[in-house]
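Student: I would like to take a close look at a single part of this structure and then see how it fits into its surroundings. Could you go through it slowly?

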There are 2 protein chains.
Amino acid sequence: MEEELGSEQSLEILRGMSFGRLACARGGQPYIVPINFAVDDHYLYGFSMMGKKIAWMRANPLVCVEADQVISSHQWTSIVVSGKYEELPDTPEWQGVRTSALRFLPVKNKWWEPWSTTVLQRGAHRPLTPLFYRIHIVEISGRRAIPDSHTRTRDRVEPGVLQKILKSFRPEPTTQDR
Amino acid sequence: MEEELGSEQSLEILRGMSFGRLACARGGQPYIVPINFAVDDHYLYGFSMMGKKIAWMRANPLVCVEADQVISSHQWTSIVVSGKYEELPDTPEWQGVRTSALRFLPVKNKWWEPWSTTVLQRGAHRPLTPLFYRIHIVEISGRRAIPDSHTRTRDRVEPGVLQKILKSFRPEPTTQDR
């Protein structure tokens, strides 16, 4: 069975996650990158090198973050956040926010380091200045699939529907029996 | 070490994958959903129920698909496709494309079924008509991190950089020693 999760429950699940994908968009073209993050009640926090995603988010701060736990194709949870990108620059007026945000970052487990390695691009190393940012959580929702033989039988697409679609593709009826 | 992959190599890796995330966008707001897919030389193919992502992609066909293999935070591969959504409707003029596309879909492993379950939304079941679509691969790129103690030492962010950032947050210098 697949069910939708409320915002409270979705946030609770997201708090236990630290890896996901962030999408930003420019001129209607979305772009996805894997990110590590930490979560409090209103924000996701992360570090990033300067690059395409930062340039795009500076131009358009509307983003989406998706994080999931996939145990199997019948057992998974997916949380989706619609949010707004905010940079936390290393300037005196942002020190308070940066200090407070750091409480949510797992210092011992320096998860952002691997994502901060330099990229060898056309033989040149890209600059290594990590930026600190947060995503203001504007909307959060979730979906979950739970294996349940009783409800699955009732809730799955009727087998006939897909069989009919597949049959309509196949010129040789014997292919199906192989 | 982290390195960028060429389009040929990225496509080769993507061919071995069947699960990823698709982002579409509306009015500058991106939206991510997990998808199952099959790949040929020019397209990704998938099935989907009618819903938010289909409505958005009909309005704006520009999409991004990301698929990754994360073994650890030091060992991962991420492939990113910028593409264009195309629906493959069940009409006579699309039969040829649908039939040919099905060759790339693993029929025995009916991976699309779990994602086709009905959603219980406010007590009502949503319609169960699966749509067949493809994503025209306009651009494909990849990034990969390989654990390599020799190059990692050279390529990682200098430890001093992150230490300096972390130090600037911390009012009590003893916190670091705990």
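Which does A:D68 count as, buried or exposed?

Tutor: This is a predicted model, in which local features need a pLDDT of at least 70 and side-chain atom pairs count only at pLDDT 80 or more, while totals for chains, interfaces and linings use all residues. Residues are numbered from 1 along each chain as its sequence is written, chains are lettered from A and ligands numbered from 1 in the order in which they are written, and side-chain values use heavy atoms, with hydrogens and water left out.

A:D68 counts as buried, because its relative accessibility is 14%, and buried means under 20% relative accessible area, whereas exposed means over 50% and partly exposed lies in between (1.4 Å probe, protein chains only). The residue sits in strand β6 of chain A, which covers residues 62-72; helices (H or I, at least four residues) and strands (E, at least two) are DSSP runs, numbered from the N terminus. If we leave aside neighbours within four places in sequence, A:D68 is in contact with A:M17, A:R21, A:T77, A:S78, B:R21 and B:P34, where contact means heavy atoms within 4.5 Å. With one of these partners, B:R21, the side chain of A:D68 makes a polar contact of 2.6 Å. A polar contact is a pair of N or O atoms within 3.5 Å; within protein, one must be able to donate a hydrogen and the other to accept it, and residues adjacent in sequence count only if both atoms are side-chain atoms.

Let us follow another of those partners, A:T77, which is found in strand β7 of chain A. A:T77 is buried too, with a relative accessible area of 10%. Not counting residues up to four places away in sequence, A:T77 touches A:L5, A:I13, A:A67, A:D68, A:Q69, A:R143 and A:R144.

The contact with A:I13 leads us to helix α1 of chain A, where A:S10, A:L11, A:I13 and A:L14 are buried. Seen down the axis of α1(A), these buried residues fall within an arc of 160 degrees, so they line one face of the helix; the arc is that of the directions from the helix axis to the C-beta atoms. An α-helix has 3.6 residues a turn, so residues three or four places apart point the same way. What covers the buried residues of α1(A) includes β1 (2-5), β4 (38-39), β5, β6, β7 and β10 of chain A. In the largest nonpolar core, which holds 62 residues, A:L14 and B:L14 touch the most other members; such a core is a set of buried Ala, Val, Leu, Ile, Met, Phe, Trp, Tyr and Cys residues joined through side-chain atoms within 4.5 Å.

Strands β6 and β7 come up again with helix α2 (residues 52-59) of chain A, since the buried residues of α2(A) pack against β2 (19-26), β3 (29-36), β5 (43-49), β6, β7 (75-87) and β10 of chain A. Those buried residues are A:K53, A:I54, A:W56 and A:M57. Down the axis of α2(A) they fall within an arc of 165 degrees, so they line one face of that helix. One of them, A:W56, has a relative accessibility of 8% and therefore counts as buried. Apart from residues up to four places away in sequence, A:W56 touches A:C24, A:A25, A:R26, A:Q29, A:P30 and A:Y31. By contrast, A:W56 and A:R143 are 87 residues apart in sequence and 28 Å apart in space, C-alpha to C-alpha.

Strand β10 (residues 130-145) of chain A also holds A:H136, which counts as partly exposed because its relative accessibility is 29%.

Looking at chain A as a whole, there are 5 helices and 10 strands, and 48% of its 178 residues count as buried. The mean pLDDT of chain A is 78, and 69% of its residues reach 70 or more; pLDDT is the predictor's confidence in each residue, from 0 to 100. Among the elements of chain A, helix α1 (residues 7-15) has the highest mean pLDDT (97), and helix α4 (residues 149-155) has the lowest (45). Over residues 111-119 of chain A the pLDDT is below 50, and this stretch has 42 contacts in the model beyond near neighbours in sequence. For the complex, the predictor gives an ipTM of 0.76 and a pTM of 0.76.
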